[in-house]
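Work through the exercises below with the sequence and the model in view. Each task is followed by a solution in steps.

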Amino acid sequence: MSVPTGSVLVKEGATEFFVPSVHSEKGPGKRVGRVFFNDQMAFNRDVTVMLLKAYPRARTALDAMSSTGARAVRIARESRPDISIVANDRDSEACEYITANAELTGSDNVEVSNDDLRCLLARRVFDYIDLDPFGTPVPFLPAVMQGLKRHGVAGVTATDTAPLAGTYPKKCLRRYGAVSMRSPFGHESGVRILIGHIAREAAKEDKGLECLLSFYADHYMRTYVRVVDGGGEADRTVGSLGYIHYDRVTGDRSVSLERDSPRSIGPLWLGPLHDAEVLDGMAAGENLQTRKRCARYLDTWKQELEVPFFYDNDELASLVRTSPRRLEDVLEALGASGRASRTHFSPTGIRTDLPLRDVLGIYASVREH
Ligand SMILES: C[S@@+](CC[C@H](N)C(=O)[O-])C[C@H]1O[C@@H](n2cnc3c(N)ncnc32)[C@H](O)[C@@H]1O
């Protein structure tokens, strides 16, 4: 086996593989050397391992931007020895890593490909496609939508969180064709803008969309979506995209299918962010690199209400003109009149199906400790 020059052996989860000795330890994907590896994305890769383990319908997979092949060999070893994986990167030096790592891990089910993913996806189709670019996934989504088999799943990362969450609204409009705005729930609206954009790309291929799992973590947004073939499904999905009008003075968040004003955030996905059946099948196995974090997120995702757009504890306190109350006390008080949960988007976030007027009244009645 030829060991890549300048590489070091690391263990992530249950798998050993070579990565460049100089590589990113955290933060968004900045190229340190020519071949990219980021330690902090271990959680992102752990979630892929868990999800594909719980999703036996995927028999063929493409790690479209594989870099060192870390994700591909982890899928091969830790999720599914029965899955055929193509690990692709357009950089030939990255492919040296993929080849060495497939050999090192004895992953006979990993095929190395050195191509632009758009060329590869013009020729081949897959049940699962992983898209993990530097920055925005937008330029690659048409190819991914063409390359998904019937009921195929795409796992898509976006690290351009600032435009999506409303810090750079012009960039968001250019890239995603959607209005974004700073708000207490900016990361959630960003994830929903991303899914809304994927839905519109899917619709061009006469495909509708279902969301299996979507989240925000560290410096990125990530969604796993399943396509459902048919023009009717595409129409239904696009027809269910909508807008949120956020009033920062009153805290009101009104959701509608029509744009109420030029400042309405969207178009965005208003449907569920998680599929309960897929989540139920996922388990934070003891070999995962970030096992405790995976278990914590899984718990939160499972109990998180499917009500779009959460409130922030500090925001509610300021609307009621009081000091922030304990989150547990607020959740308990809201839960007595309606449904309420935490959200993975923010440690101080609160989801509830109660109208804002009731939320504020209940918040005002929660005693200070
Ligand atoms: C952020 S890195 C991927 C990291 C990897 N998925 C992981 O988990 O470690 C992005 C990779 O995409 C590759 N890439 C960029 N444009 C590409 C294209 N059009 N086709 C295929 N690969 C591409 C780059 O060479 C780089 O290795």
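**Exercise 1. A helix pair**

Determine the handedness with which α1 passes α11, and describe the contact between the two helices.

Solution. The model is a predicted one.

Step 1. The crossing of α1 past α11 is right-handed.

Step 2. Helix α1 covers residues 42–53 and helix α11 residues 291–303; their axes come within 11 Å and cross at roughly 65°.

Step 3. On the α1 side the contact is made by F43, D46, V47 and M50, and on the α11 side by R293, C294, Y297, L298 and W301.

Step 4. Sorted by class, this contact of α1 with α11 has 7 nonpolar and 2 charged residues, and no polar ones.

**Exercise 2. The order of the sheet**

State the strand order of the open sheet of 7 strands, and explain why β5 and β8 are each left without a neighbour on one side.

Solution.

Step 1. Reading across the open sheet, the order is β5-β4-β3-β6-β7-β9-β8, and the pairing is mixed.

Step 2. β5 (110–113) and β8 (207–217) are the edge strands; each has a single partner strand, so one side of each has no neighbour in the sheet.

Step 3. With direction ignored, neighbouring strands of this sheet are turned by 15° against each other on average.

**Exercise 3. Strand β6 and its partners**

Find how β6 pairs with β3 and with β7, and how the chain gets from β6 to β7.

Solution.

Step 1. Strand β6 spans residues 126–131 and is mostly covered, with 6 of its 6 residues buried.

Step 2. Strand β3 (residues 60–63) runs parallel to β6 and is joined to β6 by 3 bridges. L62 has I129 of β6 as its bridge partner.

Step 3. With strand β7 (residues 148–158), β6 forms 5 bridges, also in the parallel sense. Here Y128 stands opposite V153 of β7.

Step 4. From β6 the chain passes through helix α5 (residues 141–147) to β7, a β-α-β crossover that is right-handed.

**Exercise 4. From β7 to the packed helices**

Which strands of the sheet do α1 and α8 touch?

Solution.

Step 1. Consider first the pairing of β7 with strand β9 (residues 220–229): the two run antiparallel and are joined by 6 bridges. T157 stands opposite R222 in β9.

Step 2. Helix α1 packs on the sheet and touches β6, β7, β8 and β9; the direction of α1 makes about 25° with that of β9.

Step 3. Helix α8 (residues 186–204) also packs on the sheet, where α8 touches β7, β8 and β9; the direction of α8 makes about 155° with that of β8.

Conventions:
Residues are numbered from 1 along each chain as its sequence is written. This is a predicted model: local features need pLDDT of at least 70, side-chain atom pairs count only at pLDDT 80 or more; totals for chains, interfaces and linings use all residues. Side-chain values use heavy atoms; hydrogens and water are left out. Axes are lines fitted to C-alpha atoms, for helices over the stretch in contact, and angles run from 0 to 180 degrees between N-to-C directions. Helices (H or I, at least four residues) and strands (E, at least two) are DSSP runs, numbered from the N terminus. A crossing is left-handed if the near helix is turned anticlockwise from the far one by less than a right angle, and right-handed if clockwise. Contact means heavy atoms within 4.5 Å. Ala, Val, Leu, Ile, Met, Phe, Trp, Tyr, Cys and Pro count as nonpolar, Asp, Glu, Lys and Arg as charged, and the others, Gly among them, as polar. Buried means under 20% relative accessible area, exposed over 50%, partly exposed in between (1.4 Å probe, protein chains only). Two strands pair if DSSP finds at least two bridges between them. A crossover is right-handed if, with the strands pointing away from the viewer, the path from the first strand over the helix to the second runs clockwise.
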